[in-house]
Amino acid sequence: MKKVFSVFMSLILMLFMFSPCFSVFAAPMQEERESKELNGFIDGITQLVREFDADKEFTVPENDETAQIQLQPFSAQSTVGAKDNNAEQEYTLQDFQTARLIVRANGNFDDCNALEHISGFEDFHILQYKSSEEAMAAYDLLQSEKNITEVTLDEVCTYCGYEGTPENPDIISKDEFLNDWSRDRTQSKRLQDYLAESDIAKNEIIVGVVDSGIDYNHEMFKNRVIRTYFNSSSFGNANDEMDSKTLYHGTTVSSVIVNNSPENVKVAAYKVDDQDDMTVTTICAGFLKAIEDNRDVISISLTSLSDVSIITEVVLEAYSKNIPVFAAVGNAGKINTKAVPANVPECIAVSSTDFNNTTTFMNNLTYNADISAPGVNIAVAIPGNRYARFSGTSYSSPYAAALGAILKS
């Protein structure tokens, strides 16, 4: 009996001795598996969008970020009777223009014959249907699935700028760009001069810019761009983040960061839009890729028009990895407590100020306006080695992100 007991105790001791080793090996394996699943989710979205969205012309709200899709997202976690109430909401086929749904589920479910079914991030599933009619029908059917906790549309999103027209920009000189009034107002120029004169070691900091890409051939970006080869939009080369010559919002935003930070700060562009094909899923794909690439700071001047939980969860993912997210509050000048990412408390929401350091009428009013930065008549770079002026909270966010990058360096 003693011999049996001794053997038993020896086995237990060996188990305790080796269990830390098992934990050491298990953690990297778990991280590797999660990373593989996440990259599969990102790649799945980019391939899906390129296949199904290339020939579509999406309708986006014009100059009114408060325009809300009438259909409210179904959530099994909301009040009792929400399904019946939501079924009475007014919505049209136009609301389902992407023919794509975003589903949260805590188990298996019938995807109602979706053409494509993408998963791999948290408990989210992206379902692609053949037509708006099929997506609408699936929306109603999915609400009765017991394991589904939320069904939302993959809605078309908008920018937080410009005020001004990209087609006819207010062209300025390079010197005017480099000495813009806003650089003195934020004291970024003074800070850069101080850092240049001081023998202060600075780490390389990479700011991920989730937007329409970047004109990485522009003279302003020489030695300041980290190539990502990422494009989740349905246009342009699949592995190229080159900005559109007619859209170029991402180029303008990135130039604000470069113009307001020292040379150790680089920008990495994640292209999520080209010709008004930006949706919740394309934004999330770029956002998640920036997190997966472990960027030091993320700047985003985009917004959904309603409280979409997948974008909230992406912000929380960045927050959990100590990656600060700077997000513009939007330009409608209205009370807006739903649009994300700016309304997610874990991100840094940025509003705009004018020449007089006063808040602008364009700012959306949110519960989560953390800081402000210049957003009126801002000097920016545009394709073709040119420079221009635009206004919008889109430019306030990268000002703040640039200073955040300096702090992290």
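Reader: In which loop is N377 found, and how should I read the strand numbers there?

Author: N377 is found in the loop between strand 14 and strand 15 (378–382), where strands (E, at least two residues) and helices (H or I, at least four) are DSSP runs numbered from the N terminus. The phi angle of N377 is near 55 degrees, which is a positive value in a residue other than glycine. This is a predicted model in which local features need pLDDT of at least 70 and side-chain atom pairs count only at pLDDT 80 or more, while totals for chains, interfaces and linings use all residues. Residues are numbered from 1 along each chain as its sequence is written, and side-chain values use heavy atoms, with hydrogens and water left out.

Reader: What is phi of N357, and where does that residue lie?

Author: N357 has phi near 60 degrees, again positive in a residue other than glycine, and N357 lies in the loop between strand 13 and strand 14. In the loop between strand 12 and strand 13 one finds P341, and the peptide bond that joins V340 to P341 is cis, with omega at about 15 degrees.

Reader: How do I read the order of the strands in the sheet that holds strand 12 and strand 13?

Author: Strands of a sheet pair through backbone hydrogen bonds, either parallel or antiparallel. Here six strands make an open sheet in the order 9-8-10-12-13-14, and the pairing is parallel; two strands count as paired if DSSP finds at least two bridges between them. Strand 9 (265–271) and strand 14 (371–374) are the edges, each with a single partner strand, so one side of each has no neighbour in the sheet. From one strand to the next, the twist averages 30 degrees, where angles run from 0 to 180 degrees between N-to-C directions of axes, which are lines fitted to C-alpha atoms, for helices over the stretch in contact. Within this sheet strand 12 (residues 325–328) runs parallel to strand 13 (residues 348–353), joined by three bridges, and F326 stands opposite I348 of strand 13.

Reader: Which strands of that sheet does helix 8 touch?

Author: Helix 8 packs on the sheet through contacts (heavy atoms within 4.5 Å) with strand 8 (205–211), strand 9, strand 10 (297–300) and strand 12, and the direction of helix 8 makes about 160 degrees with that of strand 10.

Reader: At what angle do the axes of helix 8 and helix 9 cross?

Author: The axes of helix 8 (residues 280–292) and helix 9 (residues 309–320) cross at roughly 5 degrees and come within 10 Å. That makes helix 8 roughly parallel to helix 9, since angles under 35 degrees count as roughly parallel, over 145 as roughly antiparallel, 65 to 115 as roughly perpendicular and the rest as oblique. On the helix 8 side V280, C284, F287, L288 and I291 meet I310, I311, V314, V315, E317 and A318 of helix 9. The residues of this contact divide into ten nonpolar, no polar and one charged, with Ala, Val, Leu, Ile, Met, Phe, Trp, Tyr, Cys and Pro as nonpolar, Asp, Glu, Lys and Arg as charged, and the others, Gly among them, as polar.

Reader: To which sheet order does strand 15 belong, and what lies across that strand?

Author: Strand 15 belongs to an open sheet of three strands in the order 7-16-15, with antiparallel pairing. Strand 7 (170–172) and strand 15 are at the edges with a single partner strand each, so one side of each is left without a neighbour in the sheet. Neighbouring strands in this sheet are turned by 45 degrees against each other on average, direction ignored. Strand 15 pairs with strand 16 (residues 386–390) over five bridges in the antiparallel sense, and Y387 in strand 16 is the bridge partner of A381. Helix 7 lies across strand 15 and strand 16, running at about 120 degrees to strand 15.
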